[in-house]
Amino acid sequence: MSSFDPTPPRRNFYGRRHGKTLRQSQKGYLSEDLGSLRPRGITVADNPDRTPIDPAAIFGDTRPVWLEIGFGGGEHMVAMAARYPEIGIIGCEPFINGVAMLLGKIRAAGVSNVSVHPGDARDLMDVLPDGSIARAFLNYPDPWPKARHHRRRFVTPEHLIPLHRVMAPGAEFRVATDIPDYMRQTLEEVPAAGFALVHEGPGPWDDWHSTRYEQKALREGREPHYATFRR
């Protein structure tokens, strides 16, 4: 007897989940640190009814909560946590090598206002309450350069409409990329999802912390661009 699932499968907006073999220290970070930093009730396996979570329970108080979608190696996320200890930052990243790198940076920096979801940001957005995110970052996302893959980019309605729902009125959404066509699509799709463009150009934010992906782009002669939107 066959069954029918009315929910269509999601397109991945990220690439691979695993890279080269982890160092022993990185394996240690994953086994020793991830459990205490991981928010509960995010995955379908942990929360099949998709009951909304309480962000205050993650950080133990009602501080503003920021979201980084795809934190890469964690440079930017840890820098923001250190610079703004009064806020809490949830980072989502399905690439396990990036998660391990972030955990090492968290240890080195000694920051405690962070939470790490080692998976799809959409699973987190599914269970976040309306208006619970005060700022969101999308830094150097997977570019999906082939035209037939452009719908896999994060800057599509499938991802932006849930993001708009979980962001508070007036909240800031920042996007950084070195791919001109990605910024083109960003400038088309993000306002269509209900965000207002505040600024776009080659100059970063005053508190910007460069990432390994940006440094690679600069070495290879690609110019970064930065866009700020308001919910």
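## A walk through the fold

Among contacts in the protein between residues at least 6 apart in sequence, 80% join residues at least 24 apart. Keep that in mind as you turn the model, which is a predicted one. The secondary structure comes to 9 helices and 7 strands. Of the 231 residues, 52% count as buried. The accessible surface adds up to about 11,300 Å², and carbon and sulfur atoms account for 53% of that surface.

A good place to begin is a set of four annotated residues. In the unreviewed UniProt entry, the annotation "binding site" covers Glu68, Glu93, Asp120 and Asp142. These residues span 75 residues in sequence, yet no two of their C-alpha atoms are more than 14.0 Å apart, so they gather at one spot.

Let us look at two of the four in turn. Glu93 sits in the loop that runs between strand E2 (88-92) and helix H5 (96-109). Its relative accessible area is 9%, so Glu93 is buried, given that the cut-off for buried is under 20%. Leaving aside residues up to four places away in sequence, Glu93 touches Gly70, Phe71, Gly72, Val99, His117, Pro118 and Gly119. Gly72 has a further link to Glu93: the backbone nitrogen of Gly72 lies 3.0 Å from a polar atom of the Glu93 side chain. Asp142, for its part, is found in the loop between strand E4 (133-139) and helix H7 (157-166). Asp142 has a relative accessibility of 31% and therefore counts as partly exposed.

Now follow H5 to the loop after it. Asn113 is found there, between H5 and strand E3 (114-117). With a relative accessible area of 6%, Asn113 is buried. What do polar atoms of the Asn113 side chain lie 3.1 Å from? One such partner is the backbone oxygen of Ala81, and another is the backbone oxygen of Tyr84, also at 3.1 Å. Ala81 and Tyr84 also appear among the residues that Asn113 touches, together with Phe59, Arg63, Pro85, Ile87, Gly88 and Ile89, when residues up to four places away in sequence are not counted.

Ala81 leads us to helix H4. This helix (residues 75-83) is mostly covered, with 7 of its 9 residues buried. The buried ones are Glu75, His76, Met77, Val78, Ala79, Met80 and Ala81. What do they pack against? Their partners are strand E1 (65-69), E2, H5, E3, E4 and helix H9 (212-219).

Finally, step into the nonpolar interior. The largest nonpolar core has 33 residues, and Leu67, Phe154, Leu163, Met167 and Phe173 touch the most other members. The elements giving two or more residues to this core are E1, E2, helix H6 (121-127), E4, H7, strand E5 (167-177), helix H8 (180-192) and strand E7 (225-230). E5 gives the most, with 5 residues. To see one member in its setting, choose Leu163: apart from residues up to four places away in sequence, Leu163 touches Leu67, Ile69, Met125, Ala136, Phe154, Phe173 and Phe195. Another core, of 24 residues, lies apart from the largest one, and its members include Trp66, Met80, Ile89 and Val116. Two of these names should be familiar by now: Met80 is one of the buried residues of H4, and Ile89 is among the residues touched by Asn113.

Terms used. Residues numbered from 1 in each chain as written. Predicted model: local features only at pLDDT ≥ 70, side-chain atom pairs only at ≥ 80, totals over all residues. Heavy atoms only, no water. Helix = DSSP H or I, 4+ residues; strand = E, 2+ residues; numbered from the N terminus. Buried < 20%, exposed > 50% of the residue type's maximum accessible area, 1.4 Å probe, protein only. Contact = heavy atoms within 4.5 Å. Areas by Shrake-Rupley, 256 points an atom, 1.4 Å probe, with all protein chains shown as cover. UniProt positions renumbered as here; feature names shortened; annotations may be inferred. Polar contact = N/O pair within 3.5 Å; in protein donor to acceptor, adjacent residues only side chain to side chain. Core = buried A, V, L, I, M, F, W, Y, C linked by side-chain atoms within 4.5 Å.
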